[in-house]
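Colleague: Before I rely on the descriptive words used for this structure, I would like to hear how each of them is justified. Could you take me through the reasoning, term by term?

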Amino acid sequence: MRDRLTAAVRRAPAEFTELRLETSWTTAVTFRGRHLENATASVDEGGCVRALNRGCGWGVASFTSLDALPQMAQRANELSRALRLDRPIELAEVPPHEADVDAGLDGDVRGIGLEEKTRLLEAYNGAMLSVGGIVDTVGSYRDSVTEYWYLNSEGTTLHELRPEVTLSGSAIARRDDVIERGLASIGLRRGWRSAQGHEGEFRAAAERAAALLTAPRIRGGAYPVVLDPELAGVFIHEAFGHLSEADFVFENPQAREMMTLGRRFGTPLLNVGDNGAAPGLRGTLPFDDEGTPTQDTPLIRDGVLVGRLHSRETAAAMGERPTGNARAISFRHPPIVRMTNTYIGNGRGSFADLIAGIRLGVYACGAFGGQTMLENFSFTAAHGRMIRDGQLAELVKDVVLAGNLFQTLDRIEHIAGDFQWTQMGGGCGKGGQFPLPVTEGAPHVRIEEALIGGDVPQ
Amino acid sequence: MIERWLDAAQRAGAQQADGWWHRAERTVVSFEWGRLKAASVGEEAGVNLRVLSQGRVGVAGSTVLHDGPDDLTARALASAALGERFGLEFPGPCTPAVVSTFSAPAAEASLDHLVGIGREVVERLARDGCQVNVTVEREVTETEFGNTAGAAGTYQATAVAVSADVWRIAGDDVLTVADGIDDTGVPDASALSALVQSIDERLRRAEVVVAPPEGGLPVVFTPAGLAAVLLPITQALSGKAVLQGVSPLAGRVGERVFDAAFSVTDDPTRAGRPASRPFDDEGVASRPTPLVEAGTVRGFIFDLETAARAKATSTGHGHRDIFGKPAPGFTNLVVGRDDGTPDGALGGQLLGPIVDGLLVDDLIGVGQGNVAGGAFSHPVALAYRVVRGEIAGRVKDAAVAGNSYDLLKRIGGIGRDRRWYGRRLTPSLLFDGVSVARR
């Protein structure tokens, strides 16, 4: 295969050509309640050629038939040459790499039968169903191993085996017209061994759903809010991380101004970064999908904007260094600037210190979802607890956190020293590419005041 | 083509099988921040195979087609070994709906032609202080279906989508206005003009920022803004939700649940719509399915499996991908009825009687909450304050909340601006007493 691909890249007519080729073996199992909805194994194979010529645009051709590779290299070149640009696209320099990466498959999922995988998920799903008040569940198991090739005409050749396992559970509790849910989500760049031993997380999700049945809706209003590490991580990814992706700013003068390096971004307590090289995480890979080595990139240091995430193109356009953040979800797409493992750096003190001074506040935990419209965001916490007189009090539901990014970052008044990564399933979506495996990490974070929806005051 | 897989499945021991072969060629040109920097083509083909073996159902998919059908067949049978028995029956030959899904000019449109469309939209949307992104996407597909009960069919389809978003960033204030059109054919001048005007009007109206109102107020939801209100209802109208016991509309067929002005039909036979098709991905003929008529619940959408499990009949809503198993899905969701020439003006002529209220075009976080129950609460992404029948300006930092089931019991007015927004044809709707909060 190596020789065939090397020859294809060598024969490609464009001034710059890169080729990605992927074969993925995937198993997916889903339970709904006590029913096995589906257990299936699939094979997906294809490639993507990108071509670039001086003074021209990008030509991209993706395909599922490998026999078409030489024609697709031609096609990409023709597309590139059809686009004439006034300002040429430059690529920041990345030294050529040759690597054969075997990160270890941690128990190759391809060697395990469909039935055994189904039994594992049945046990996790059963852990949810065993909880009182649960009327329905969805349990899903998904694994894949992808054999990945990357070659470019500058001499880089990468060959990797990439494992992935995701487990998720959704438990629905119902009493009369009240319906609540609890979610468990685990996503690992690992194999069969790491898929074991997760009953506790599934049971906890179901217990949470059942407990929410009798929890009151939170009364909407402005509160001091403490985010748990999971929600704080999702927050920094959604509300800030996307702004630091250089494809958003590099050709947009107003956005560039908003994201000028050196600008104050939050209180001096705040440190944020993105680390695609952090060991053992779902968003970790040795190289990005342009063959650039991944790295730890500081984005905010002591409340000052110090960096951003780059592809080779955006780095060259802004006179900065590539950071290894050009990623594609599969061969069906070209790489675009994406996050990897995004984090809020550790602070000081414990969770108890964080809530000690709060007379009336909200502890917002987990995330059902989040959406940002640039400076405005909305996050739905999985659940919340009221904080009363410095202590955790009753469980509350429908905790929707909404606000303005800049104001909210300025109101971060305490960051605890209890950092942790949250390795969830699902993934990040951008430009039609979903789900991209990413990880988020943070300690507990206290925001002086944030708006919580819920019962909207009339 | 699909015969090969069906034969192989039966040879390998399946009693019955159905297969869906799909090939797509996609061409995309994208103007990023006004510049045309990339063009791409994508070709993909794959097969989704379902088998019935000893009454058990299994499914498998693959894009690796050159090695013959045996690997896929073996995987489908392995899936069936674990699969459930639920009385699935494959339909025999059907009479496909007569619907045009293919436009030769769209299939043959050159790269230059697609670039030209994008460039025109970029140029017409260009204005000081704003940045424009435009994407033109053309897809040509071929679908072949067959099953061992004798159903077989094939069709070609085209789709051309043009989407645009305009960004205005002033200091830390970010405004984005986006819209898009799609059709089986190449958009004509009037369709492109409508796209440009739609974005232009919403941008102009957003120039002034005003304070949001507060309280229980009249609120108009545009066809785009209605997403939050309609999502719980469409979820509840899926046979899958009924089967799972999470549809508040289950068991209420024949009951008047909504305002008499509220009707919903799913129509896979609409001319010019990319989601239209002569038969579904399980070989069932397409036909319009009335779901809500004059406020009364009429039915739900089903694919073969949910129909078999619910002791119902497939409504021709089976959707398939190369991977995974078929599932019920909507095609073209039609809300309201045809009532004369549409009027594209923002607000659909509903603003006149409003003394103080809101016009909502886009909300943040739709789909995040507890959708099934119908309650929603979202900050606005793009909304305007309406004062004495006129748009006073854009509001920021406001949130709207309500319950879809309550709101749709009492519709205050139906706009004259019915249009397609994605796979949904809907007018603007006015509701009274929607909760609006300021922050």
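**Reasoning behind the terms**

Modeller: F221(B) and F376(B) are both buried, and I should say at once that the model is a predicted one.

Colleague: What makes the pair of F221(B) and F376(B) edge-to-face or stacked?

Modeller: The ring centres of F221(B) and F376(B) are 6.4 Å apart and their planes stand at 85 degrees; since rings pair if their centres lie within 6.5 Å, and planes over 60 degrees apart count as edge-to-face, the pair is edge-to-face. The two residues belong to distant parts of the chain, F221(B) to strand β8 (residues 215-221) of chain B and F376(B) to strand β16 (residues 375-387) of chain B, with their positions 155 residues apart.

Colleague: How many aromatic pairs does the structure hold over all chains, and what kind of pair do F377(A) and F379(A) form?

Modeller: Over all chains there are 19 aromatic pairs. F377(A) and F379(A) form a tilted one, with 5.4 Å from centre to centre and 45 degrees between the planes, an angle that falls under neither of the other two names, because stacked needs under 30 degrees and edge-to-face over 60. Ring pairs also link F235(A), F377(A) and F379(A) into a cluster.

Colleague: Why are F377(A) and F379(A) called buried?

Modeller: The relative accessibility is 2% for F377(A) and 1% for F379(A); because buried means under 20%, F377(A) counts as buried, and F379(A) does as well.

Colleague: How do you know that R162(A) lies over the face of Y148(A)?

Modeller: R162(A) is placed at 3.6 Å from the ring centre of Y148(A), and the limit for a charge over a ring is 6 Å, together with an angle within 35 degrees of the ring normal. The charged end of R263(A) likewise sits over the ring of F265(A), at 5.1 Å from its centre.

Colleague: Is T73(B) buried or exposed, and what does T73(B) touch?

Modeller: T73(B), which is found in helix α2 (residues 70-82) of chain B, has a relative accessible area of 1%, so T73(B) is buried. Apart from neighbours within four places in sequence, T73(B) is in contact with W5(B), A8(B), A9(B), A12(B) and L49(B).

Colleague: Why is G369(B) given its own description, and what is its relative accessible area?

Modeller: G369(B) has a relative accessible area of 26%; because buried means under 20% and exposed over 50%, G369(B) is partly exposed. G369(B) is placed in the loop between β15 (356-363) and β16 of chain B.

Colleague: What makes strand β2 (residues 35-52) of chain A mostly covered, and how does β2(A) pair with strand β1?

Modeller: Of the 18 residues of β2(A), 17 are buried. Strand β1 (residues 16-32) of chain A runs antiparallel to β2(A) and is joined to β2(A) by 17 bridges, with V49(A) as the bridge partner of L19(A); two bridges are enough for strands to count as paired. The hairpin of β1(A) and β2(A) has two residues between the strands, and G33(A) takes a positive phi near 55 degrees there. With strand β3 (residues 58-63) of chain A, β2(A) pairs in the antiparallel sense over six bridges, and G47(A) stands opposite F63(A) in β3(A).

Colleague: Why are β11 and β20 of chain B called edge strands?

Modeller: They belong to an open sheet of six strands in chain B, in the order β11-β10-β9-β14-β21-β20 and with mixed pairing. β11 (296-297) and β20 (419-421) each pair on one side only. For β20(B), three bridges lead to strand β21 (residues 424-426) of chain B, in the antiparallel sense, and W420(B) stands opposite L425(B).

Colleague: How many salt bridges are counted between chain A and chain B, and how do you know that R332(A) and E44(B) form one?

Modeller: Eight salt bridges are counted between the two chains. In the one between R332(A) and E44(B), the closest N and O atoms are 2.9 Å apart, and the cut-off is 4 Å. Across the interface, 70 residues of chain A are in contact with 65 residues of chain B, and the buried area is about 5,800 Å², with 52% given by carbon and sulfur atoms.

Technical notes: Residues numbered from 1 in each chain as written. Chains lettered and ligands numbered in written order. Predicted model: local features only at pLDDT ≥ 70, side-chain atom pairs only at ≥ 80, totals over all residues. Heavy atoms only, no water. Phe/Tyr/Trp six-rings, centres within 6.5 Å; stacked < 30°, edge-to-face > 60°. Buried < 20%, exposed > 50% of the residue type's maximum accessible area, 1.4 Å probe, protein only. Helix = DSSP H or I, 4+ residues; strand = E, 2+ residues; numbered from the N terminus. Contact = heavy atoms within 4.5 Å. Buried area = accessible area lost by both parts, 1.4 Å probe. Salt bridge = Lys/Arg side-chain N within 4 Å of Asp/Glu carboxyl O.
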